[in-house]
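Me: Could you take one stretch of this model and look at it closely, explaining each term as it comes up? I am in my first year, so please go slowly.

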Amino acid sequence: MDIKFLLKNSVRLLFKRKIRFQFDRIPLESHSFSWKKTKNLFLIGINRLLPISHALGYPYMAHISPSGICNLRCKLCPVHNPETKGKSLLPFHTYKKFIDEAGDYLIYIILWSWGEPLLNPEFIKMTQYAEQKGIRTVTSTNLNKLSKIDAQKLVESGLDALIIAADGTTQETYSRYRKGGKLENVLSHTREIVEARRKSGSRKPLLNLRMIVSKDNENEMDEFRRIARDLDVDMVSFKAFSTRQLGYSDSKLDRKYAPVQKKYRWYSYQKGFKVSRKPKKYWCRFPWTKPTLFPDGMITSCEFDLKYEHPFGNINEKTFDEIWFSPEVADFRKKFQKNRDSFDFCKDCVYDYKLIPGCVLEWEFIEDD
């Protein structure tokens with residue numbers, strides 16, 4: 001969100017009480033904007049635009065992790081790291097408390113983090129509750145596990161967008177990174193969701209088949225587009241590959257995974273595959289705009305604070321107001337403003353020195369015949 005976004009949507013906000021925006025190039029629209037939410041959006045917009053250390057309002061989005069466990073073992077995912085916290089399933093009562101206390105200001109929530117969200121048996125209940133509160137929902141899944149009944153429930157849940165991670169067009173390519181997964185499961189479960197949606201007459205959730213582009217699969221992008229069309233999903237997208245998911249930068253990993261074609265790289269590389277620092281450092285405002293809720297109730301400034309090095313507080317022990325506007329969190333924001341690199345989980349941020357806006361390289365909406 002920037003000044004152009006606020007100006008473009010100001011008339012729609014003030015007179016039509018709705019707003020159009022994108023998440024990872026996925027189009028979303030929020031209706032029935034309350035004056036409370038509208039006022040907060042402009043207040044927090046100031047935090048996005050100006051270097052003010054204290055929070056002027058509540059977050060307009062949140063990163064919520066329904067699951068801290070996963071059924072796959074992707075090579076660079078920290079979910080199986082012994083030092084990663086929050087390895088459990090988010091209880092609905094913890095989720096509900098967070099939504100009840102912060103939801104009046106939230107436009108949308110990102111319902112995934114490091115684990116597989118659909119492993120949580122209360123995931124459907126979570127999306128339904130957000131829908132009741134007028135909060136848009138987006139999630140991402142490896143979709144290796146899903147029954148026909150679950151597919152129907154997912155369609156009926158009110159989920160706005162479902163990103164389906166399928167990083168290859170053959171099992172060989174797919175399994176190079178998605179260890180323990182089966183591509184055929186992903187494709188067959190996608191067909192089940194498409195069919196369930198057709199039977200219900202619903203256009204939700206928007207289905208986005210996604211490939212993270214690496215050296216292993218960059219030559220399969222055209223075939224991936226064909227598969228997306230055959231599946232009759234709504235959208236196909238290609239995400240840039242970052243090797244910093246473990247929380248640190250390693251030129252050996254970049255050399256191993258970065259696409260050969262420079263136009264598909266997230267970063268520019270110097271000799272020895274060291275990331276060039278010529279592109280701008282990311283202007284991060286997450287501590288003001290997007291809290292992360294882990295499955296055990298801990299709230300942090302970012303999903304990359306995996307070890308809880310600087311936790312804001314636990315929603316099971318305090319109210320959201322007590323956490324978000326506490327002197328300790330205000331002090332964190334002040335230090336963050338002064339020198340973000342003083343925090344270990346920020347030093348090698350995936351968004352620093354990137355070549356593209358966001359993280360999506362290419363995307364295409366698939367039209368109906």
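**A proline and the helices beside it**

Reply: P205 sits in the loop between α7 and β7 (206-213), where helices (H or I, at least four residues) and strands (E, at least two) are DSSP runs numbered from the N terminus. This is a predicted model, in which local features need pLDDT of at least 70 and side-chain atom pairs count only at pLDDT 80 or more, while totals for chains, interfaces and linings use all residues. Residues are numbered from 1 along each chain as its sequence is written, and side-chain values use heavy atoms, with hydrogens and water left out.

What is the form of the peptide bond from K204 to P205? The bond from K204 to P205 is cis, and its omega is near -5°.

Turning to the helix before this loop, α7 covers residues 183-200 and packs with α5, residues 148-156, at an angle of about 55°, the two axes lying 9 Å apart (axes are lines fitted to C-alpha atoms over the stretch in contact, and angles run from 0 to 180 degrees between N-to-C directions). The helices α5 and α7 are therefore oblique to each other, a word for angles that are not under 35, over 145 or 65 to 115 degrees. The crossing of α5 past α7 is right-handed, the near helix being turned clockwise from the far one by less than a right angle.

At the contact (heavy atoms within 4.5 Å), α5 contributes K148, A151, Q152, L154 and V155, and these meet E192, I193, A196, R197 and S200 of α7. By class, this contact of α5 with α7 holds 5 nonpolar, 2 polar and 3 charged residues (nonpolar: Ala, Val, Leu, Ile, Met, Phe, Trp, Tyr, Cys, Pro; charged: Asp, Glu, Lys, Arg; polar: the others).

The strand β7 after the loop spans 206-213, and I212 is one of the residues lining the second largest cavity (points on a 1 Å grid where a 1.4 Å probe fits but cannot get out, lined by residues with an atom within 4 Å). Alongside I212, the lining of this second largest cavity includes D167, T173, R176, Y177 and F241, and its largest share, 3 residues, comes from helix α6, residues 171-177. The lining of the second largest cavity divides evenly by count, with 3 nonpolar, 3 polar and 3 charged residues.

For a second backbone detail, look at D24, in the loop between β1 (19-23) and β2 (26-30). Although D24 is not a glycine, its phi is positive, at about 50°.

Key
1 Å grid on protein atoms, 1.4 Å probe; cavity = no way out; pocket = protein on both sides within 12 Å on 5 of 7 lines; lining within 4 Å.
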